[in-house]
Amino acid sequence: MRWFASGLLVLLSVTSAPLAAAEASLPEVMIVGSFHMGGSGDFVKTEDADIGSETRQKEIIDVVDRLARFSPTHIALEVERAAEEALNLRYQRYLKGEHKLSNSETEQIGFRLAQRLGHERIHAVDFRKDENIAGIFQHAAAIGDTKFLERGQAAVASMMAADARRQKLTIREILLELNSPEYDALEGLYLVVAALGKGDDYKGADLVAGRFERNLKIFSNLARIATPGSRVLAIYGASHGKLLRQFVDESPDLKLIRVEKFLAD
């Protein structure tokens, strides 16, 4: 088994050598972490930022203008792959002026950007695997882990307060925060969840493993649509940003582009 693992690493290093030598042709991938503009069913819910208002619409157009400078050749959205045809039917209706944009970031930013760049299709790359965070809190209460409960409740309150504060920012400023290293650092809270349990109880670790599975499969879908010289822009809930950026950055076949480069003044 040790020989097999070593041989696999050697094989991968040999096959990736041509790509390393031609780094300029590596597909570029940019992850745009967003809040859910139309509201969210997530455990920590984001507030509707009045997306339909004239002010917010101007702010979204400003963001689309900035992202267009990346000149993405593919736009990937947080929509399950099985729904890709339905997604593109809506997009085609939008192009014909027959579909009013919903408040979701997939349409407010994704559809607008794709239209701006003349894209005929949009890619659905999501893999669904729900995280039962409420169940984790219930389990912590059942096993009497008051320290976890107190820490978790404080973290949720802090995130909700931060979300309320962001409502006073422009869309561009909100996205800058949601794609910052400081926001990415919140991913570490899942390692607190992973440690929850006693003895052979790994309920916390099971939840985090499912989270990694979901994001790895999203990454797999992104990697499959990337071709040499292409530029893939993915719009996703910000909580996915840290892992998706990590996977792209560590892949020898892809080049990570940070969105801050395009959103910063």
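Is N103 buried, exposed or partly exposed? In this predicted model, N103 is partly exposed, because its relative accessible area of 32% falls between the limits of 20% for buried and 50% for exposed residues. N103 sits in the loop that links α3 and α4. Although N103 and I51 are 52 residues apart along the chain, their C-alpha atoms are separated by 6.3 Å.

A short step along the chain leads to T106, which belongs to helix α4. With a relative accessible area of 10%, T106 is buried, since the cut-off for that class is under 20%. When residues up to four places away in sequence are set aside, the contacts of T106 are L77, E78, V79 and F111.

Helix α4, spanning 105–117, also takes part in the nonpolar interior. The largest nonpolar core holds 36 residues, and the members touching the most others are L67 and I109. Two or more residues of this core come from each of β1 (28–34), α2 (54–68), β2 (74–80), α3 (84–95), α4 (105–117), α7 (171–178), β4 (231–237) and α12 (260–263). Among these elements, α2 gives the largest share, with five residues.

The surroundings of L67 are worth a closer look. Beyond its neighbours within four places in sequence, L67 is in contact with M30, V32, P72, I109, L113, L233, V259 and L263. I109 is thus found in this list as well as beside L67 at the head of the core ranking. Apart from this core there is a second, separate one of 18 residues, with V125, L243, L244 and L254 among them.

Methods
Residues are numbered from 1 along each chain as its sequence is written. This is a predicted model: local features need pLDDT of at least 70, side-chain atom pairs count only at pLDDT 80 or more; totals for chains, interfaces and linings use all residues. Side-chain values use heavy atoms; hydrogens and water are left out. A nonpolar core is a set of buried Ala, Val, Leu, Ile, Met, Phe, Trp, Tyr and Cys residues joined through side-chain atoms within 4.5 Å. Buried means under 20% relative accessible area, exposed over 50%, partly exposed in between (1.4 Å probe, protein chains only). Helices (H or I, at least four residues) and strands (E, at least two) are DSSP runs, numbered from the N terminus. Contact means heavy atoms within 4.5 Å.
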